[in-house]
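Student: I'm new to this structure and I'd like a close look at one part of it. Could you pick a helix, walk me through how it sits, and then show me around the rest?

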Amino acid sequence: MTDIIHLLPDNVANQIAAGEVIQRPASAVKELLENAVDAGATDIQLIIKDAGRTLIQVTDNGSGMSFNDARLCFERHATSKISCAGDLFKISTKGFRGEALASVAAIAHVELKTRRIDDELGTLVSIAGSEAQEHKPIAAPAGTSIAVKNLFFNVPARRNFLKSDKIEFGHIEEEFFRVALIHHNIAFSLYQDDKLTVKTPASNFKQRIINLMGTHFNDKLYPIEQDTEIIKINGFITKPENAKKKKSEQYLFINDRYVRHSLLNFAIESAYKELIPSDYKPAYFIRLYVEPGTIDINISPTKIDVKLQDERLMFGFLNSTVKKSIGAYTLTPQLDFESDRGLDMSLLAPPATFKPPTVSVNPNYNPFENKSGGKSGGGSGSYGASCHKEHGSMAGWEDFLKGIKQETVQIASSINGDMQEESRLPLSGAGEPSNNAQETVPKYEKCLLLANCFIVCIIRDVLTVIDSMRALERILYENYLEALQKTPVVIQQLLFPEMITLTPGSAELLLELREEFWKLGYDIEQIDRTQFAVNGMPGDESDMPVQELIEYTIENYKSNQFLHKEGKENNIALSLCRQKCRFLKPVQNMEEAISIMQRLFACRIPDTAPCGKKTIHLVQVEELKNLFH
Ligand code: ADP
Ligand code: MG
């Protein structure tokens, strides 16, 4: 097989945008990863030591290079990807400048091992400060492996200019994400200081986003699609409430290249106008495809800034496509809590804020008696909802208890704060008359469990339907507030810790919330920047998917921070109860149903879930009668 790399003639080389290619370790990472992609690799490994200062190594299973090419590739303007000036306007590869390897070899110790699949022997080239030191045949696996050691060894000023390892590695990880996101058909792995931190198999675009950005994205991504003669747009946007103050999760690709384009970015962000605060940024993963001749990639040495032929037109297409998708997916009310509780991640409705109630009891008042325009609105409905409308949430809640008051004495004292003990008292039921003069909950008759979801019973001739999941959310929420303020949940130590991995941003937040998680029953220990060991959990959660539970809770926490400006304790209680409910099994039997009912009535605000929606629905006899008229 022949050699394929050649030196570009001067007239072409002179047209290549000049400038520094390697500014920091992340720039070398980008160039090496892109070379591996261009070589047709299906599996790419990135190994980083000391944030790239000591080692950056990229190994691929791509085309490999011939003996001569392995040496020539380190020359300036040596490339196999273009040959004449006209090629600059039909670029379909990541690279085309023939400068990256030359730039890297000038400022580091580089060792290249490569073999084409049909060659018997491979080639080793080692080079330092542009001086070739070795060039010889060796046995090597098919593909290419380039190790860049001691970056900037001969440019101390540049080396001293590097930021902390954390910042430099952050840049490396970002470059890795940009390449790996768009090349989802290629398997990628990333080793940081000998530890495998990312491994993602070949998959579709959506799965790749989820693999790299975190499983919580599963519920956040909404597809966008537009297919015209001059532009094809596809990818995913995210719900307005998932916007963040940071710009970090914005990915725009043109012709499979990550690009920075302020006008197109504005086209996307302005589609969210009025749906998110002006200083918040929506996350997006959008791919545009245009004719290669209509885009100029050769305007900066890093190939990240591009120029499009008709930018205004592109702006219009992109803006309207994103708007259409926001309208179709994120603003459709059916996508809310009601449609699929399992998929709902964030709190769309403002949560009821927790206020210790003060109760004034009117023993003669009974909302179950349907007197002149009674409090239940003369018919059925959520007690909470109907009364909230008339009096605001406190009044509705008080009225509810006043109605119960005639039958129960203890519940009033539970409101005054002593609810833990009472929630353990048995529930009084028709089948099990209680001798206890002080009941914790109203007397009920004929309790049933419907579809493992609704607890149905008759309380003082009113058909009472309890949504068991919402009830559990309320119960957990109040338990969590109690645990945060007074009595932490007992932690059950695990025999084998559960390992979880978070995105860097979520990992930082988890560290901030570690004490709150501890009070809520989670013993969490940081292993490295993004990995944590969960050493202990509340006893009742042995079969919970810990990774998802913690990850989703943190995401929920973030969106509450932004949407509702929740305080720390209230927010963590809200987020954890919401997410834990997603993983709870449906109610299995009457015993569980009764326990839920009992604990719900012992709550301070039993009729409303923390998300602000009703937990209890009442149907009056009158209304049933009307149904048959
Ligand atoms: P460019 O990518 O712009 O052509 P580079 O300096 O990055 O310039 O690479 C020079 C040449 O070396 C490429 O054109 C390609 O032929 C060859 N090359 C670089 N990396 C690899 C690789 N991982 N596998 C096969 N060939 C490679
Ligand atoms: Mg290249």
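**A covered helix and its surroundings**

Tutor: Let's start with helix 14, which is mostly covered: 16 of its 18 residues are buried. Keep in mind that this is a predicted model. Helix 14 runs over residues 468-485, and from its first C-alpha to its last it reaches 26 Å, close to the 26 Å expected at 1.5 Å a residue. Now look at the N-terminal end of helix 14, where Asp 467 acts as a cap. A side-chain oxygen of Asp 467 lies 3.1 Å from the backbone nitrogen of Met 469.

For another covered helix, try helix 8, residues 262-271, where seven of the ten residues are buried. Those buried residues of helix 8 are Leu 264, Asn 265, Ala 267, Ile 268, Glu 269, Ser 270 and Ala 271.

Let's zoom out for a moment. The protein chain holds 20 helices and 25 strands, and buried residues make up 54% of its 629 residues. What share of the contacts between residues at least 6 apart in sequence join residues at least 24 apart? In this chain, that share is 70%. As for the outside, the accessible surface of the protein chain comes to about 27,600 Å², and 52% of that belongs to carbon and sulfur atoms.

Next, the ligand. Ligand 1 is surrounded by 20 residues, and the closest are Asn 35, Thr 79, Ser 80, Lys 81 and Gly 98. Sorted by type, the shell around ligand 1 has eight nonpolar, eight polar and four charged residues. A few polar atoms are worth picking out. In the side chain of Asp 60, an N or O atom is 2.9 Å from a nitrogen atom of ligand 1. Gly 98 uses its backbone instead: an N or O atom there lies 2.8 Å from an oxygen atom of ligand 1. Thr 144 has a polar side-chain atom 3.3 Å from a nitrogen atom of ligand 1. How much of ligand 1 does the protein bury? Taken alone, ligand 1 exposes 530 Å², and the protein buries 96% of that. The elements that give two or more residues to this shell are strand 4 (78-79) and helix 4 (100-106).

Thr 144 deserves a second look. You'll find Thr 144 in strand 8, residues 143-149. Is Thr 144 buried or exposed? Thr 144 has 8% relative accessibility, and the cut-off for buried is under 20%, so Thr 144 counts as buried. The side chain of Thr 144 also has a polar contact of 3.0 Å with the side chain of Thr 114. Leaving out residues up to four places away in sequence, Thr 144 touches Val 58, Thr 59, Asp 60, Gly 64, Met 65, Leu 112, Lys 113 and Thr 114. Asp 60, in that list, is the residue with the side-chain atom 2.9 Å from a nitrogen atom of ligand 1.

Now for two asparagines. Asn 298 lies in the loop between strand 16 (295-296) and strand 17 (307-308), and at 12% relative accessibility Asn 298 is buried. Asn 298 and Gln 15 are 283 residues apart in sequence, and their C-alpha atoms are 8.6 Å apart in space. A polar atom of the Asn 298 side chain lies 2.8 Å from the backbone oxygen of Gln 15. Beyond its neighbours within four places in sequence, Asn 298 is in contact with Gln 15, Ile 16, Ala 17, Leu 88, Phe 96 and Arg 97.

The other one, Asn 535, is found in strand 24, residues 531-538. Asn 535 is buried, with a relative accessible area of 15%. The side chain of Asn 535 makes a polar contact of 2.9 Å with the side chain of Glu 525. Asn 535 and Glu 498 are 37 residues apart in sequence and 6.7 Å apart in space, C-alpha to C-alpha.

Last stop: two loops. Asp 193 is in the loop between strand 9 (187-192) and strand 10 (195-200). Phi of Asp 193 is near 45°, a positive value in a residue other than glycine, and Asp 193 is partly exposed at 39% relative accessible area. Ala 451 is in the loop between strand 19 (445-450) and strand 20 (454-459). Ala 451 has a positive phi too, near 55°, and Ala 451 is exposed, with a relative accessible area of 62%.

Key
Residues numbered from 1 in each chain as written. Chains lettered and ligands numbered in written order. Predicted model: local features only at pLDDT ≥ 70, side-chain atom pairs only at ≥ 80, totals over all residues. Heavy atoms only, no water. Near = heavy atom within 4 Å. Polar contact = N/O pair within 3.5 Å; in protein donor to acceptor, adjacent residues only side chain to side chain. Areas by Shrake-Rupley, 256 points an atom, 1.4 Å probe, with all protein chains shown as cover. Helix = DSSP H or I, 4+ residues; strand = E, 2+ residues; numbered from the N terminus. Nonpolar A, V, L, I, M, F, W, Y, C, P; charged D, E, K, R; others polar. Expected span 1.5 Å × (residues − 1). Buried < 20%, exposed > 50% of the residue type's maximum accessible area, 1.4 Å probe, protein only. Contact = heavy atoms within 4.5 Å.
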